[in-house]
Amino acid sequence: TVPSQVWSLLLMFTIATIVSVGSKYVTRAANFFLGAVGLSILSILVGATLFAAGWYDGSLSEEDRVFHDNLHPNYRRDSNTGDTPTFWDLVALFYPATTGILAGTNRSSKLATPNKSIPTGTIGAIGVTTLLYVFQTWLLGSVVSNEILIHNKLVVAAIAFPSPVVAKVGVVTACVGAALQCMAGGPQLLGAIAADDAIPFLKFLTRKKRRRNDLIKATNTKGVEVLGLEGIGMSRSLDKCEPLNVDFESEASEKVEAENSKRAVWFSWGIASLGTLLGNIDHITPILTMFYLIMYGGINFCCFLLAWVDSPGFRPQFKYFSKGIALLGFLLCIGLAFVISWEMASLALVLVYVIFKYIRLSANNRLEGGGTSPGA
């Protein structure tokens, strides 16, 4: 049989190819994925309700219908790792399922009115998903036996009405849809960082637009390399005043942006593909949780600092913004990271500090060399 890692790599390659062709196709497919996921959620909720009433069993049996069997903690030793999970271990495992809130922000350049769409969409998505998570967890935990919930990882499909296929299709489309959205949004952010030259080793992801009158090296009609001006007909060299054997026009911004976007997409594909080689998502989710918490904590802390110093370039239009809430969000993120695993949280903070020092040293070197820093 073909290992699951191979299928994962092929799927990631297909997703990256679709996004590199054009993010507009991802936007068009969003409604299909949303409809499929919504239908599967409805089938699960209806099936669980009918199962509780005793009118439908799905792939389960009458013995699996046990009310209030999950009121108290019942942590068991994992047969694969030999470890007994704790509450915070399960929080780390579940947390990445709640981290799609920056999808609109990452693709703000594609929105007509981002200042209105992002707050409305983000808060709406948080509210809807929270209600669904809580209600579905309460419903399944109230009527399905503890044994089934522990050993049957696709219990939502087993109980779905009218067929398990509906839920399974929803699970697949939810995963593929989330991957498409991440692959469409993440490289945009990565490309913006590279374009700002904030992290020099990402410079290969972007190149600037070639404009008319840009100084270039070229050969004149006699085959001699000279320095000339680009894009103004048969330009004359600056040193010999002889016509150059070049005639380049300025590049279109769209062409350069598309090329840079593709570079960022395939770089992101390479990073994401490394995680698929583990073959088990449970192995990588705790690590992802740390990075998510550090990222959200960093965003909140930046917002707090900008509001605290009253930066002229930071004027949030969201009327409920408060620097106190931003500081509270930062403390909650860092606190949760250390509660889950102080070792991994410390390692993540050390990595952030190393990146910060690298950026500072790179900026200082540019200033000493006569350049400008990214924040200049």
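## Close-up views of a predicted model

**View 1. Leu60 and the nonpolar cores.** Beyond the residues up to four places away in sequence, Leu60 touches Phe51, Ile148, Asn152, Ala158 and Ile159. The model is predicted. Leu60 belongs to the largest nonpolar core, which has 17 residues. Together with Phe51, Leu140, Val144 and Ile159, Leu60 is among the members that touch the most others in this core. Two or more residues of the core come from each of helix H2 (23-53), H5 and helix H7 (155-158). A second core, separate from this one, has eleven residues, including Ile15, Val19, Val176 and Met183. In soluble globular proteins, nonpolar side chains tend to be buried together.

**View 2. The chain as a whole.** The chain has 376 residues, and 28% of them are buried. Its secondary structure consists of twelve helices and two strands. Read from the N terminus, the order of elements is α-α-α-α-α-α-α-α-β-β-α-α-α-α. Among contacts with a separation of 6 or more, 64% join residues 24 or more positions apart. The accessible surface is about 23,500 Å², and carbon and sulfur atoms contribute 67% of that area.

**View 3. Helix H5, its span and its buried residues.** Helix H5 covers residues 114-143, 30 residues in total. At 1.5 Å a residue the helix should span 44 Å, and the C-alpha atoms at its ends are 43 Å apart, so the two values agree. Ile118 and Thr122 are among the buried residues of H5. Leu139, Leu140, Gly141, Ser142 and Val143 are also buried. Of these, Leu140 also appears in the largest nonpolar core.

**View 4. An aromatic pair within H5.** Phe135 and Trp138 are both in helix H5, three residues apart, or about one turn of the helix. An α-helix has 3.6 residues a turn, so residues three or four places apart point the same way. A search of the whole structure returns 15 aromatic pairs. Phe135 and Trp138 form a tilted pair, with 5.9 Å centre to centre and 35° between the planes. Phe135 is partly exposed because its relative accessibility is 38%. Trp138, at 53% relative accessibility, counts as exposed. Elsewhere, Phe301, Phe304, Trp308 and Phe330 make up one aromatic cluster.

**View 5. Ser145 in the loop after H5.** Ser145 sits in the loop between H5 and helix H6 (146-151). With a relative accessible area of 7%, which is under 20%, Ser145 is buried. Apart from neighbours within four places in sequence, Ser145 is in contact with Asp64, Val66, Asp69 and Asn70.

**View 6. Salt bridges around Arg65.** Four salt bridges are present in the structure. Arg65 and Asp57 meet through their side chains in one of these, with an N to O distance of 2.4 Å. The side chain of Arg65 also meets that of Glu62 in a salt bridge, at 2.7 Å from N to O. Asp57, Glu62 and Arg65 are thus linked in a network of salt bridges. Arg65 counts as buried because its relative accessibility is 11%. Asp57, at 27% relative accessibility, counts as partly exposed. Another salt bridge joins Asp310 and Arg315, whose closest N and O atoms are 3.5 Å apart.

**View 7. Helix H8 and the residue that follows.** Helix H8 covers residues 164-195 and has 32 residues. From its first C-alpha to its last the helix reaches 47 Å, close to the 46 Å expected at 1.5 Å a residue. Buried residues of H8 include Ala167, Gly170, Thr173, Val176, Gly177 and Leu180. Met183, Ala184, Gly185, Pro187, Leu190 and Ala194 are buried as well. Val176 and Met183 are also members of the second nonpolar core. Asp197 follows H8 and has a positive phi, near 60°.

**View 8. Pro3 and Leu277.** Pro3 lies in the segment before helix H1 (4-21). At a relative accessible area of 43%, Pro3 is partly exposed. Pro3 and Leu277 are 274 residues apart along the chain, and 9.9 Å separates their C-alpha atoms.

Technical notes. Residues are numbered from 1 along each chain as its sequence is written. This is a predicted model: local features need pLDDT of at least 70, side-chain atom pairs count only at pLDDT 80 or more; totals for chains, interfaces and linings use all residues. Side-chain values use heavy atoms; hydrogens and water are left out. Helices (H or I, at least four residues) and strands (E, at least two) are DSSP runs, numbered from the N terminus. The expected span of a helix is 1.5 Å times one less than its number of residues. Buried means under 20% relative accessible area, exposed over 50%, partly exposed in between (1.4 Å probe, protein chains only). Contact means heavy atoms within 4.5 Å. Accessible areas come from the Shrake-Rupley method with a 1.4 Å probe; for residues, only the protein chains shown count as cover. A nonpolar core is a set of buried Ala, Val, Leu, Ile, Met, Phe, Trp, Tyr and Cys residues joined through side-chain atoms within 4.5 Å. Rings of Phe, Tyr and Trp (its six-membered ring) pair if their centres lie within 6.5 Å; planes under 30 degrees apart count as stacked, over 60 as edge-to-face and the rest as tilted.
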